[in-house]
Amino acid sequence: MLSKLYPKAYVTSLFDIDPEKLKQRGIKAILFDIDNTLIPWDRKNMDPEIDRWFRDLCRQGFKICFVSNNNQTRVEALSCSLEVPGVHKAAKPRRKGLRKALSLLGTEVGETALVGDQVFTDVLAGNRLGLYTILVRPLAGKEFIGTRINRQLEKLVLRRMRKKLGSQ
């Protein structure tokens, strides 16, 4: 069961994601969580440096879709500004929102990655579906109350994950 909580990759920053390595793995599409992955939960706009990185990723040919548990207004605002599809109220760790994103992009599980900042929503949902999961350290800023509770549990999982990775 714990293996479903371990991401395939763990990075401290979005900028540590290597697009070439993803391509070598056969990844053609990337699903992104929004809050505290691309934009702090309490802000509306993406940092200009992340915006440039994101647009470069699109230029490299990756199909992109946002998959967020947040509301339609939040997701559509980002989707429209970056011209990529989005799924709101995805109810992660359920898989329905991820399946909808795959359908929107026309991609298969084996050629899709999911990038998110939470173990119990993003990583668990992605692993349950069989996606290549990438956990990124959350962006600084305020967090939703439920997320703050999850972060305490995540610390335990991340500690175990680091021990496991260190012993290999």
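Ile34, Ile39, Lys44, Asn45, Met46, Asp51, Thr73, Arg74, Ala77, Leu78, Ser81 and Leu82 line the second largest pocket. That pocket has a volume of about 230 Å³. Helix α3 (residues 72–82) gives the largest share of the lining, with 6 residues. Sorted by class, the lining comes out as 6 nonpolar, 3 polar and 3 charged residues. Keep in mind throughout that this is a predicted model.

**The overall layout**

Stepping back to the whole chain, there are 6 helices and 6 strands. Read from the N terminus, the elements run β-α-β-α-β-α-β-α-β-α-β-α. Of the 168 residues in the chain, 47% are buried. Contacts reach well along the sequence, too: among those between residues at least 6 apart, 69% join residues at least 24 apart.

**The sheet**

Now for the strands. They form an open sheet of 6 strands in the order β1-β6-β5-β2-β3-β4, and the pairing is parallel. The edges belong to β1 (9–11) and β4 (86–87), each of which pairs on one side only. Helix α4 (residues 96–105) packs on this sheet, where α4 touches β2 (29–32), β3 (63–67), β4 and β5 (112–116). The direction of α4 makes about 150° with that of β3.

As a reminder, strands of a sheet pair through backbone hydrogen bonds, either parallel or antiparallel. Here is how three of the parallel pairs look, each with one bridge partner pair picked out.

| Strand pair | Bridges | One bridge partner pair |
|---|---|---|
| β1 and β6 | 3 bridges | alanine 9 and isoleucine 134 |
| β2 and β5 | 4 bridges | isoleucine 30 and alanine 113 |
| β5 and β6 | 4 bridges | glycine 116 and leucine 135 |

A couple of residues turn up on more than one side of this network. Leucine 135 in β6, the bridge partner of glycine 116, also has tyrosine 10 standing opposite. Likewise, alanine 113 in β5 is the bridge partner of isoleucine 30, and alanine 113 has tyrosine 132 in β6 as a bridge partner as well.

How much of β5 is buried? The strand is mostly covered, with 5 of its 5 residues buried. Thr112, Leu114 and Gly116 sit on one side and Ala113 and Val115 on the other, and both faces are covered. The story for β6 (residues 132–136) reads much like that: 5 of its 5 residues are buried. On β6, Tyr132, Ile134 and Val136 take one side while Thr133 and Leu135 take the other, with both faces covered.

**Two residues to look at**

Is alanine 125 buried or exposed? Its relative accessibility is 0%, and the cut-off for buried is under 20%, so alanine 125 counts as buried. You'll find alanine 125 in helix α5 (residues 119–129). Leaving aside residues up to four places away in sequence, alanine 125 touches Lys92, Pro93, Arg94, Arg95 and Leu98. Leu98 falls within α4, given as residues 96–105. Alanine 91 is another residue to check from here: its C-alpha atom and that of alanine 125 are separated by 9.3 Å, with the two positions 34 residues apart along the chain counted as their spacing.

Glutamate 83 makes a good counterpart. This residue is found in the loop between α3 and β4. With a relative accessible area of 73%, and exposed meaning over 50%, glutamate 83 is therefore exposed. The C-alpha atoms of glutamate 83 and cysteine 58 are separated by 10.0 Å, and the two residues are 25 apart along the chain. The helix just before that loop, α3, is the one that gives the pocket the largest share of its lining.

Definitions and conventions. Residues are numbered from 1 along each chain as its sequence is written. This is a predicted model: local features need pLDDT of at least 70, side-chain atom pairs count only at pLDDT 80 or more; totals for chains, interfaces and linings use all residues. Side-chain values use heavy atoms; hydrogens and water are left out. Two strands pair if DSSP finds at least two bridges between them. Helices (H or I, at least four residues) and strands (E, at least two) are DSSP runs, numbered from the N terminus. Contact means heavy atoms within 4.5 Å. Axes are lines fitted to C-alpha atoms, for helices over the stretch in contact, and angles run from 0 to 180 degrees between N-to-C directions. Buried means under 20% relative accessible area, exposed over 50%, partly exposed in between (1.4 Å probe, protein chains only). On a 1 Å grid over the protein atoms alone, a cavity is a set of points where a 1.4 Å probe fits but cannot get out, and a pocket is an open set with protein on both sides within 12 Å along at least five of seven lines; lining residues have an atom within 4 Å of a point. Grid points are joined across faces, edges and corners, and a volume is the space filled by probe spheres set on the points. Ala, Val, Leu, Ile, Met, Phe, Trp, Tyr, Cys and Pro count as nonpolar, Asp, Glu, Lys and Arg as charged, and the others, Gly among them, as polar.
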